[in-house]
Amino acid sequence: MIPQLIAGGLLSGAIYALAAMGFVLLWQASRTINFAQGEFIMLPAFGVVLFQEVLKLPFPIAVMFTLVGSMAMGLIVKQFIIQPLLRRDILAIVIATLGIALFARNFIIVFWTADPVFYTSIFSTKPLRFGDVVVSPEDLWVVGLVSGLILLVNLLIRHTKMGWAMQAVSQNREVARVVGINVSRTITQVYLLNGLMMGIAAVLIAPIYFVQYNLGISLGLKAFYSAVIGGFNQVKGALFGGFLVGLLETFGAAYISTAYRDAFALVVLIGVLLLKPEGIFGTREE
Amino acid sequence: MEPGKSNRRVLGYAALISGLIAVALFPRVAGDYPLYLANLTGVYLIAAIGLNITLGYAGQVSLAHAAFMAIGAYTTALLTLKGVSFWVAMPAGALLAGGFGFLLGFPALKVRHHYLAMVTIGFNVLVYLVLRNESAITGGMTGLRNIPRPNVLGVSLGADRDYFYAIAGTAALFAVLYRFLVRSKWGRAFQAMRENELRAEVVGVSLRTYKTMAFAIGAAYAGASGALLACLLRYIDPSSFELDRSFQFLIMVVVGGPGWFAGPLVGAGIVTLLPELLRATQAVYLMLFAVLLILMLIFSPAGLVPALEKLGRAWLGWGRPRLLPRGGTDQA
């Protein structure tokens, strides 16, 4: 039972960690928050269903279109909504991105469906047995790919010029501008990168989760909690937080209550906020 | 005293009295449907005022207003179904909602306010889960039925036309309290906190007190609104208090004009009546409202009230030109 639960927890944890990392990246590089992060996964998930199941495109092309669309979405949101609000209080960005989330959910209901749509897996669904533990191959793919992706983004931030520019912009927008960094372009790059990451997350979860308009609500919420629990200004915090939340709610659902599955993360979050508001790995910011 | 001032005062009283007469006559002449819309607008107005106190004046985001409303609604429903008078049950519901708001204000002390959005969303989700799962008390997804309507001095307000007066009276009472609140030391402290927390603290505003109270008061308003809603619909279930309802209050406040006295009235009016006029499905109008919300934030962050005031001044010579220097010209 326990190894099985660990496997399940790691699976949902990997997705939370990836989305949480998007939150951390956006915060790090642009001091902005995208509360439509869950919808940034939900929309591309519908995208991949549209391209592959409805338009019958071959899988690689469907994925490519989905990822390009997902990045375009990041670009549009940055250019037309975030950019005009950058100079204002962060509250405006918080409310605007919540508005984007509301729009995205209802857009899907109006122009597609309120019911879940089905998407057949690209990977073999024949379960693999490791002793008592049964995992499907797609779960292994998800955890493996997400871990690789997280590592890659980490390398990008630490060891490339683009990553250094992002770090500089995060520390001080004005000084970054003085030393010749194109701040607006750097923020655009982060939104593109976040769009790409969320697009990949969407392709990975489409066969596992029900693809439905409200998919993003709990996903976005838990990814955000993961980022806050781990530490909002640390990539490793997002990873730790994501897997912690995934494991906690899987075990909580099994041993405490299935009905309150969505509540465990919130309880941990409030505990962390009261004891160490900057998060487990986070550092204080002014 | 300026010559125009006494005239304006007389006009003000005349407007107030004709307004009162109109409200008193309205349920006697209106059709069933306009009456229902007016009742609903009145109920939502109270919750929107509450959110305007928390968000508009004190600058604290709350996306848990539907949950506070649920606390007020369920408390009132459970008590009145046990035979307790509505006039006891409603304050109890409002107080309980206010108590939860007070508790939820504590994380607000610890975190930057963008965290707060998600903490309050989480609270809304949690309350929804409790309502759905604890069916021994809340009736689960079937909810609570046959909620009685109140009596006043032995006169039953059971009919929609009579219940209107309970809503209008309560809304008026809460609006008067709201006016006192925002003009008091508290209102000024809230606004100081919204503009700059550090500066407010330096000049002696206790953030601890005012943040928790901004939440508590806003939540109590939502609780009272929920109490009235329970008796208006006579039937409540968890679906009335989902997260999207909290968004609806947020839209009311931002569109109406956060931190403007008349903001909630304009916002609640538009958000409640427009969908009915458009005859659109919920998804269509929520989508349109989301667009409106974003456009307002980008192009008119102060909301509709100041924009309308400006229009009124420019075209009809209404209102006080208080923002203009004497002899100056309106640049805008």
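How many helices and strands does chain A have?

1. Chain A has 11 helices and two strands, and from the N terminus on its elements follow the order α-α-α-α-β-β-α-α-α-α-α-α-α. Please keep in mind while reading that this is a predicted model, and that every value discussed below is computed from it.

2. On the overall form of chain A, the radius of gyration is 19 Å, and this agrees with the value near 19 Å that a compact globule of 286 residues would have. Taken along the principal axes, the C-alpha atoms of chain A fill a box of roughly 60 × 50 × 35 Å. Of the 286 residues of this chain, 51% count as buried, and among the contacts in chain A with a separation of 6 or more, 74% are made by residues 24 or more positions apart.

3. Chain B can be described in a similar manner, for it has 14 helices and two strands. Its radius of gyration is 20 Å, close to the 20 Å that the globule rule gives for 332 residues, so chain B is as compact as a globular protein of that length. The C-alpha trace of chain B spans about 65 × 50 × 40 Å along its principal axes, and buried residues make up 45% of the 332 residues in the chain. Of the contacts in chain B with a separation of 6 or more, 77% join residues 24 or more positions apart.

4. Before going further, a student should look at the confidence values. The predictor gives the complex an ipTM of 0.90 and a pTM of 0.87, while the mean pLDDT of chain B is 87, with 93% of its residues at 70 or more. Among the elements of chain B, H3(B) has the highest mean pLDDT, 96, and helix H14 (residues 304-316) of chain B the lowest, 82. Over residues 321-332 of chain B the pLDDT is below 50, and this stretch has four contacts in the model beyond near neighbours in sequence.

5. Helix H3 (residues 65-81) of chain B is a useful example of how a helix can be checked, because its 17 residues should span 24 Å at 1.5 Å a residue, and its end C-alpha atoms are indeed 24 Å apart. Of the 17 residues of H3(B), 14 are buried, so this helix is largely enclosed by the rest of the structure. Just after H3(B), Gly83(B) takes a positive phi of about 100 degrees.

6. Which helices of chain A each supply at least two residues of the side that touches chain B? They are helix H3 (59-85), helix H4 (90-111), helix H9 (215-230) and helix H11 (264-275) of chain A. In total, 35 residues of chain A are in contact with 30 residues of chain B, and on the chain A side the largest share, 15 residues, comes from H4(A). By class, this side of chain A has 32 nonpolar, two polar and one charged residues.

7. From chain B, Met287(B) shows one part of the contact between the chains in detail. This residue is in helix H13 (residues 282-299) of chain B, and Met287(B) is buried, because 22 other C-beta atoms lie within 10 Å, where 20 or more are required. Leaving aside residues up to four places away in sequence, Met287(B) touches Phe103(A), Asn106(A), Phe107(A) and Val110(A).

8. H11(A), one of the helices that supply the side touching chain B, has 12 residues and reaches 17 Å from its first C-alpha to its last, close to the 16 Å expected at 1.5 Å a residue. Its buried residues are Phe264(A), Ala265(A), Leu266(A), Val268(A), Leu269(A), Ile270(A), Val272(A) and Leu273(A). Val267(A) is also found in helix H11 of chain A; with 14 C-beta neighbours inside 10 Å, Val267(A) counts as partly exposed. The C-alpha atoms of Val267(A) and Val175(A), 92 residues apart along the chain, are separated by 39 Å.

9. Finally, the largest nonpolar core holds 203 residues, of which Ala17(A), Ala19(A), Phe23(A), Ala45(A) and Ala201(A) touch the most other members. Helix H10 (residues 207-233) of chain B gives the most to this core, with 17 residues. Not counting residues up to four places away in sequence, Ala19(A) touches Gln37(A), Ile41(A), Met198(A), Ala201(A), Leu219(A), Gly220(A) and Ala223(A).

Methods:
Residues numbered from 1 in each chain as written. Chains lettered and ligands numbered in written order. Predicted model: local features only at pLDDT ≥ 70, side-chain atom pairs only at ≥ 80, totals over all residues. Contact = placed C-beta atoms within 7 Å. Helix = DSSP H or I, 4+ residues; strand = E, 2+ residues; numbered from the N terminus. Nonpolar A, V, L, I, M, F, W, Y, C, P; charged D, E, K, R; others polar. Expected span 1.5 Å × (residues − 1). Buried ≥ 20, exposed ≤ 12 C-beta atoms within 10 Å, placed from the backbone. Core = buried A, V, L, I, M, F, W, Y, C linked by C-beta atoms within 7 Å. Rg over C-alpha atoms; globule rule 2.2 N^0.38 Å. pLDDT = per-residue confidence, 0-100.
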